[in-house]
There are 2 protein chains.
Amino acid sequence: MPLSDLRIIGIPGIPEVEIGANLGKLISEYVREAGLSIHNQDVFVVAQKIVSKAEGRVVHLKDVEPSLLACRWGATHSKDPRLVEVVLRESRRLLRMERGLLIAETRHGFVCANAGVDTSNTAMGVVTLLPEDPDRSAAQIRRVLEKEFGVQLAIIVSDTFGRPWREGLVNVALGVAGMRPFADYRGQTDRFGRRLEITQMAVADELASAAELVMGKTKGLPVVLIRGFAYPEGEGHGAQIPRSPERDLFR
Amino acid sequence: MPLSDLRIIGIPGIPEVEIGANLGKLISEYVREAGLSIHNQDVFVVAQKIVSKAEGRVVHLKDVEPSLLACRWGATHSKDPRLVEVVLRESRRLLRMERGLLIAETRHGFVCANAGVDTSNTAMGVVTLLPEDPDRSAAQIRRVLEKEFGVQLAIIVSDTFGRPWREGLVNVALGVAGMRPFADYRGQTDRFGRRLEITQMAVADELASAAELVMGKTKGLPVVLIRGFAYPEGEGHGAQIPRSPERDLFR
């Protein structure tokens, strides 16, 4: 019996990404430098941080004028009011504003701490915002890489989110291109011929989590290649993953 | 530069698991049959379903006397009142009971649909409960496998959970043995010398999600080997992952 074997490979050497960088080109360059050949159905998982930097989604805090709300919240919770202001601007709704935590719904519909505004792995005084349209970001990278390597690929732009009920953070998919984000089991049956209750596995999120195991936070590996996963084919989007507020029992 | 390379391998051939089965022995047998050698720091991810079956955590619905609450809820939502009764008995608290969904806190502290009671991949009229103590289950499997192969291993017992805010399900860790469930970044600095805001990555959950990509739901691969991940060493437990209700903003 052939083994079901999935490989997760960090692309080494990718340097600090500058505004305007063509990430597809950059990735293909370092893939070649690593001597990796690229196969049909390979998945690239790309950290949000380098996508945001390439797209200029950075804010210099010195340019930010905080509102009264941001000043008050910042003062109460020992946070830079300019950072709080950026978070408020990136939010379309605040779910919780307590214990020093700002849990927000972003303009994309993602629910996460600080609306995805992040201060790590950026220069002092600079914060990154989420990409404006992570699906578009993924599609652009896909276009370049598919042309470079002449194969069909899937791309996931991933970020690190907390979640209710469980401690610790995990990586999830923000943007998706070249695959559907869910493996759909509707109508399928189990070993006993019973219809599966589980309808949709969020495989794009699972791929993002799997990639994080190789990315780490301090290893400088913002791009990871996953090989051997028969992803759900079709044109899907990361925007399909956030649950609409009406369908959500926990906001 | 050597590649950071992680492999995820499904153990083929594992048959339907019977009550009383020694899972460690069973897994080692099929590992050997597949011709796999086992290395130090390998991680085995084992599906909750076969752990529950081996431990006899199954209920025959014909033996269940539903309460009035179970009968009413079942009638309103077209659910078998005996199944509802089992869910209520496995719960220590109900978070939501609406739109036909029962979101419960289990006796272990996990928050999930139906308190982990599951009807898939079981014979008709039979449901599985979560293991009584998934950390103990993981520790037992670890003890047998470490002895069989003479190496240090980590074991994760995984299950499939939904989550708020995002559609689809992902695999998470219920039980953990031989590793800590979190990668701790406290005090570490990023490329720019800034202290990382992210403190703990839930790598046990990420390993469970990664394993699910190989397990699938219909492939009959309830045991997966993950090789190449430098997991956080120490004696950790899955019981550390559920957030305590006092620390949770979303119940």
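These are my notebook entries on a predicted model with chains A and B.

**Ground rules.** I number residues from 1 along each chain as its sequence is written, and chains are lettered from A and ligands numbered from 1 in the order in which they are written. Because the model is predicted, local features need pLDDT of at least 70 and side-chain atom pairs count only at pLDDT 80 or more, while totals for chains, interfaces and linings use all residues.

**Entry 1: chain A as a whole.** I looked up the secondary structure of chain A and found 6 helices and 12 strands. Helices (H or I, at least four residues) and strands (E, at least two) are DSSP runs, numbered from the N terminus. The radius of gyration of chain A is 19 Å and the globule rule gives 18 Å for 251 residues, so chain A is as compact as a globular protein of that length. That radius is taken over C-alpha atoms, and the globule rule is 2.2 Å times the number of residues to the power 0.38. I noted that the C-alpha trace of chain A spans about 65 × 50 × 25 Å along its principal axes.

Of the 251 residues in chain A, 49% are buried. A residue is buried if 20 or more other C-beta atoms lie within 10 Å of its own, exposed if 12 or fewer, and partly exposed in between, with C-beta atoms placed from the backbone. I also looked up contacts in chain A between residues at least 6 apart in sequence, and 60% of them join residues at least 24 apart. Two residues are in contact if their C-beta atoms, placed from the backbone, lie within 7 Å.

**Entry 2: strand β8 of chain A.** Strand β8 covers residues 153–163, and 9 of its 11 residues are buried. I checked its pairing next; two strands pair if DSSP finds at least two bridges between them. Strand β2 (residues 42–47) of chain A runs parallel to β8(A), with 6 bridges. In that pair, A:Val46 has A:Val157 as its bridge partner. Strand β9 (residues 166–177) of chain A runs antiparallel to β8(A), with 8 bridges. Here A:Ile155 has A:Ala177 as its bridge partner. β8(A) and β9(A) form a hairpin with 2 residues between them, and A:Trp165 in the turn has a positive phi of about 75°.

**Entry 3: the domains of chain A.** The assignment gives domain 1 (7–56 + 131–235) and domain 2 (58–128). Such bounds come from an automatic or database domain assignment. The centres of the two domains, taken over C-alpha atoms, are 26 Å apart. I found 8 residues of domain 1 in contact with 7 residues of domain 2. On the side of domain 1 that touches domain 2, α2 (48–54) and β8 of chain A each supply at least two residues. By class, that side has 2 nonpolar, 3 polar and 3 charged residues. Ala, Val, Leu, Ile, Met, Phe, Trp, Tyr, Cys and Pro count as nonpolar, Asp, Glu, Lys and Arg as charged, and the others, Gly among them, as polar.

**Entry 4: where the chains meet.** I found 67 residues of chain B in contact with 67 residues of chain A. On the chain B side, α6(B) gives the largest share, 9 residues. That side divides into 35 nonpolar, 15 polar and 17 charged residues. Strand β1 (residues 5–10) of chain A and β1(B) pair in the antiparallel sense over 5 bridges. In this pair, A:Leu6 stands opposite B:Ile8.

**Entry 5: the core.** The largest nonpolar core has 147 residues, and those with the most contacts inside it are A:Ile156, A:Leu207, B:Ile156 and B:Leu207. A nonpolar core is a set of buried Ala, Val, Leu, Ile, Met, Phe, Trp, Tyr and Cys residues joined through C-beta atoms within 7 Å.

**Entry 6: two residues of chain B.** B:Gly175 lies in strand β9 of chain B. B:Gly175 counts as buried because it has 31 C-beta neighbours inside 10 Å. Its C-alpha atom is 4.2 Å from that of B:Pro134, 41 residues apart along the chain.

B:Val17 is in the loop between β1 and α1 (23–33) of chain B. B:Val17 counts as partly exposed because it has 18 C-beta neighbours inside 10 Å. Leaving aside neighbours within four places in sequence, B:Val17 is in contact with B:Ile50, B:Lys53 and B:Ala54. The C-alpha atoms of B:Val17 and B:Met97 are separated by 33 Å, with their positions 80 residues apart along the chain counted as the distance apart.
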